Amino acid sequence: MNIYFRIGNQNVNPLVIQAADLIKNAHKILIFTGAGLSTESGIPDFRSPGGIWDRYDPSEFYFDRFISSEASREKYWEMSTTYYQVMKKAQPNPAHLALKKLDDTGRLLAIVTQNIDHLHHQAGHSSDKIIEIHGTAFGVSCLTCGKQYNRDEIEARLSAGTRVPYCDDCSGILKPNTISFGQAMPEDKMEQSLFYAQQCDLCLALGSSLVVYPAASIPQQAVRNGAHLIIINRDETPLDPLADLVVHDSVSTCLDQIMDQVLAS
Ligand code: CNA
């Protein structure tokens, strides 16, 4: 059962007030975000009911299958195009905007995001504060020669009838610049994220099931180095027992209220 305090004209979860206190006492804050941050912008997550894995079989999209099977590539592009079109139209929601307000207080080290949707960029952070550890849906590259393509150029080919796009220069396999299961993580981004996890005194893990590794090792590393951890996620996560504070609620409502509390003092 959720119990709420009435503050002004808002019902405020008391955990929101505790989270605001932890933020007010922190100097170096690391934000770690997942797909749950963007569901209220209309982008489905993977694991919730109605999420992407309800509609597609994840085993179809392992990296080795993408490489070895034309049929798997065709399915992948069909799924990926559907979600790219949703992402292209999506706008930052109150959770993204609240994180920009937190950044403006000058205490944000970085945002490490598993999201590929560019909504943190759209919220106005400088891009050197955002580490997209699972890449971005807005670019495409050739897996053989590395040639980069604008996503919309490839989408135009697909809507003109191409089922699986290949590289103009070397006929190599094209893939969106996102990390699939079984694909190597970008080492520099993981290293940078773990560096910030060692530096921070507070980590907020937001809208993530925290089951995808090595990404989920980042908030764990922060705790190992003595940082406080706040988790805000609608459902329980395996890292809940590690956290100083866990809120199972809407991340946009909570973050909006938390920033109101932080900025009120
Ligand atoms: P996930 O495993 O689907 O978990 C999302 C979590 O968010 C779930 O535990 C939900 O309970 C929770 N949640 C959903 N909506 C809300 C909400 N409004 N408020 C609070 N909690 C909410 O997704 P993760 O990010 O943890 O998993 C990692 C995957 C998802 C990464 O590889 C991403 O690349 C991938 N992904 C990204 C996007 C995107 O860019 N928006 C969309 C779908 C998947």
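Ser171 counts as exposed, at 55% relative accessibility. I start with this residue of our predicted model on account of its backbone. Phi of Ser171 is near 65°, a positive value in a residue other than glycine. The residue sits in the loop between helix 7 and strand 8. For context, most residues other than glycine have a negative phi.

Gly172 belongs to that loop between helix 7 and strand 8 (174-178) as well. Is Gly172 buried or exposed? With a relative accessible area of 7%, Gly172 is buried, because buried means under 20%. Ser171, by contrast, is exposed, because its 55% lies over the 50% cut-off. Gly172 and Gly146 are 26 residues apart in sequence, and their C-alpha atoms are 9.1 Å apart in space.

Helix 7 itself covers residues 151-159, and Glu155 lies within it. The relative accessible area of Glu155 is 6%, so this residue is buried. What does the side chain of Glu155 contact? It makes a polar contact with the side chain of Thr81, at 3.1 Å.

Let me turn to the loop between strand 9 and helix 9. Leu210 is found there, and Leu210 has a positive phi of about 55° although it is not a glycine. At 2% relative accessibility, Leu210 counts as buried. Pro214 also lies in the loop between strand 9 (202-206) and helix 9 (217-224). The peptide bond that leads from Tyr213 to Pro214 is cis, with omega near 10°. In general, most peptide bonds are trans.

I now come to the ligand. Which residues come nearest to the ligand? Of the 29 residues around it, these are Glu40, Arg47, Gln114, Ser209 and Asp235. The shell divides into nine nonpolar, 13 polar and seven charged residues. Two domains contribute to this shell: at least three residues come from domain 1 (1-43 + 92-134 + 185-265), and at least three from domain 2 (44-89 + 135-178).

Some individual distances deserve mention. For Ser209, a polar side-chain atom lies 2.6 Å from an oxygen atom of the ligand. For Thr39, a polar side-chain atom lies 2.8 Å from a nitrogen atom of the ligand. Arg234 takes part through its backbone: an N or O atom of the Arg234 backbone lies 2.9 Å from a ligand nitrogen atom. As for cover, the ligand taken alone exposes 870 Å², and the protein buries 96% of that area.

The next topic is helix 10, residues 251-264. What should its 14 residues span at 1.5 Å a residue? The expected span is 20 Å, because the 1.5 Å rise is multiplied by one less than the number of residues. The end C-alpha atoms of helix 10 are 20 Å apart, which agrees with that expectation.

Which residues of helix 10 are buried? They are Val251, Ser252, Cys254, Leu255, Gln257, Ile258, Met259, Gln261 and Val262. One of these, Gln261, leads us to helix 1. Gln261 and Gln18 are 243 residues apart in sequence, yet 9.8 Å apart in space, C-alpha to C-alpha. Gln18 is found in helix 1 (residues 14-24). At 41% relative accessibility, Gln18 counts as partly exposed, whereas Gln261 is among the buried residues of helix 10.

A second such pair involves Arg107. This residue is found in the loop between helix 5 (94-104) and strand 4 (108-113). Is Arg107 buried or exposed? Arg107 is buried, because its relative accessible area of 17% falls under the 20% cut-off. Arg107 and Leu30 are 77 residues apart in sequence, and 9.0 Å separates them in space, C-alpha to C-alpha.

I close with Glu70, found in helix 4 (residues 70-89). Glu70 counts as partly exposed, at 41% relative accessibility. How far apart are the C-alpha atoms of Glu70 and Leu15? They are separated by 50 Å, with the two positions 55 residues apart along the chain numbering.

To recapitulate, the ligand shell draws on both domain 1 and domain 2, and the protein buries 96% of the area that the ligand exposes when taken alone. On the backbone, the points to keep in view are the positive phi of Ser171, the positive phi of Leu210 and the cis peptide bond from Tyr213 to Pro214.

Methods:
Residues are numbered from 1 along each chain as its sequence is written. This is a predicted model: local features need pLDDT of at least 70, side-chain atom pairs count only at pLDDT 80 or more; totals for chains, interfaces and linings use all residues. Side-chain values use heavy atoms; hydrogens and water are left out. Helices (H or I, at least four residues) and strands (E, at least two) are DSSP runs, numbered from the N terminus. Buried means under 20% relative accessible area, exposed over 50%, partly exposed in between (1.4 Å probe, protein chains only). A residue is near a molecule or strand if one of its heavy atoms lies within 4 Å of it. A polar contact is a pair of N or O atoms within 3.5 Å; within protein, one must be able to donate a hydrogen and the other to accept it, and residues adjacent in sequence count only if both atoms are side-chain atoms. Accessible areas come from the Shrake-Rupley method with a 1.4 Å probe; for residues, only the protein chains shown count as cover. Ala, Val, Leu, Ile, Met, Phe, Trp, Tyr, Cys and Pro count as nonpolar, Asp, Glu, Lys and Arg as charged, and the others, Gly among them, as polar. Domain bounds come from an automatic or database domain assignment.
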